[in-house]
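Let's take a walk through a protein model together. Have the sequence and the 3D view open, and follow along as we go from strands to a ligand and then to a few odd backbone spots.

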Amino acid sequence: MTLNPQTQAELKRAVGRKAAALVRDGMLVGLGTGSTATFFIEHLIERVREGLRITAVSSSLRSADQARQGGIKVLDMNEVTSIDLTVDGADEIDPQDHMIKGGGGALLREKIVASSSHQVIIIVDESKLVPVLGTFGLPIEILPFGYQATIHKLAKLGYEGSLRMANQQPFITDNGHYIFDIHSPKTFSNPSQDHNRMIALAGVIETGFFFDLPIQVLVGYYDGSVAFRRSQHG
Ligand code: 5RP
């Protein structure tokens, strides 16, 4: 189902609000990146203004800026070793809770933040729930040094895509790297195998596949309801 942008934004806002309501006093909160995470941060700011006491770490400079401007204390990630709760979006989630992330180009920091968290709530509208990963494409973070050679090695393994651009220049991540968006193959039936093949290449910093995280998926359904998706494997 294709959602019109306004409906999709309403669902994203609704899951963002619901996730912000789940944050408790005293928590160290990991802030995700993207339009859904932006709604979460907006509602978290409201709660902080109403008296909620939390600190945060961020998966991107832009989410950190938004939170600080709203009065949330954002620590440097190097000041912490573990995070109570991270809330982030996703581009696709399959029934096994495997995800593709990185549409906003923040996948490396998002993975570090999520994998350092005791609890991760992924906030999505229903369109992000897919039977098999791949239609969205797979963002991977690559080193600028030798990037053409890295792309060539990926192509030899059967992965084709395009370098992400911004204002006619390569998009640069917060870590100073490039993003290569893989468009072919269009389905990943064994994502961990694909992840292992790509990550083994010198020059590939991280892939947008996310597995084995303590996630709960909070979904904004097409009928307007917001609820946790029941895990289909536990
Ligand atoms: C950013 C991400 C985002 O979480 C993902 O792209 C979802 O974005 P949105 O909430 O805007 O649909 O991984 O790197």
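Let's start with a pair of residues facing each other: Ile100 stands opposite Phe209 in strand E14. Keep in mind as you look that this is a predicted model.

**A small sheet**

Ile100 belongs to strand E6, which covers residues 99-100. Two bridges join E6 to E14, and these two strands run antiparallel. A bit of background helps here: strands of a sheet pair through backbone hydrogen bonds, either parallel or antiparallel. Now zoom out a little. E6 and E14 are part of an open sheet of three strands, in the order E5-E6-E14, with antiparallel pairing. Which strands sit at the edges? They are strand E5 (92-93) and E14, as each of them pairs on one side only.

**Strand E15 and its partners**

Next, find strand E15, which spans residues 215-220. Is E15 mostly covered or mostly open? It is mostly covered, with five of its six residues buried.

E15 has neighbours to get to know. Strand E7 (residues 117-125) is joined to E15 by six bridges, and the two run parallel. With strand E16 (residues 226-228), E15 pairs over three bridges, this time in the antiparallel sense.

Val219 is a nice residue to click on. It is the bridge partner of Val124, and it also stands opposite Ala227 in E16. E15 and E16 form a hairpin with five residues between the strands, and in this hairpin Gly224 has a positive phi near 95°.

**Around the ligand**

Now move over to the ligand. How many residues surround the ligand? There are 17, and the ones that come nearest are Ser35, Thr36, Asp91, Gly102 and Lys128. Sorted by class, this shell holds two nonpolar, nine polar and six charged residues.

Here are some polar contacts to look for, each one made with an oxygen atom of the ligand:

| Residue | Part of the residue | Distance to a ligand oxygen atom |
|---|---|---|
| Ser35 | side-chain N or O atom | 2.5 Å |
| Gly104 | backbone N or O atom | 3.2 Å |
| Gly105 | polar backbone atom | 3.4 Å |

How much of the ligand does the protein bury? Taken alone, the ligand exposes 380 Å², and the protein buries 92% of that.

**Odd spots in the backbone**

Last stop: some unusual backbone angles. The peptide bond from Ser184 to Pro185 is cis, with omega near 5°. You'll find Pro185 in the loop between strand E12 (178-184) and helix H6 (191-199).

Then look at Gln168. This residue is not a glycine, yet its phi is positive, near 60°. Gln168 lies in the loop between strand E10 (165-166) and strand E11 (169-170). Is Gln168 buried or exposed? Its relative accessible area is 73%, so Gln168 is exposed.

Asp212 tells a similar story. Here, too, phi is positive, at about 55°, although Asp212 is not a glycine. Its place is the loop between strand E14 (209-210) and strand E15 (215-220), so following the chain through Asp212 takes you between two strands you've already met. Asp212 counts as exposed because its relative accessibility is 77%, and exposed here means over 50%.

Definitions and conventions:
Residues are numbered from 1 along each chain as its sequence is written. This is a predicted model: local features need pLDDT of at least 70, side-chain atom pairs count only at pLDDT 80 or more; totals for chains, interfaces and linings use all residues. Side-chain values use heavy atoms; hydrogens and water are left out. Helices (H or I, at least four residues) and strands (E, at least two) are DSSP runs, numbered from the N terminus. Buried means under 20% relative accessible area, exposed over 50%, partly exposed in between (1.4 Å probe, protein chains only). A residue is near a molecule or strand if one of its heavy atoms lies within 4 Å of it. A polar contact is a pair of N or O atoms within 3.5 Å; within protein, one must be able to donate a hydrogen and the other to accept it, and residues adjacent in sequence count only if both atoms are side-chain atoms. Accessible areas come from the Shrake-Rupley method with a 1.4 Å probe; for residues, only the protein chains shown count as cover. Ala, Val, Leu, Ile, Met, Phe, Trp, Tyr, Cys and Pro count as nonpolar, Asp, Glu, Lys and Arg as charged, and the others, Gly among them, as polar. Two strands pair if DSSP finds at least two bridges between them.
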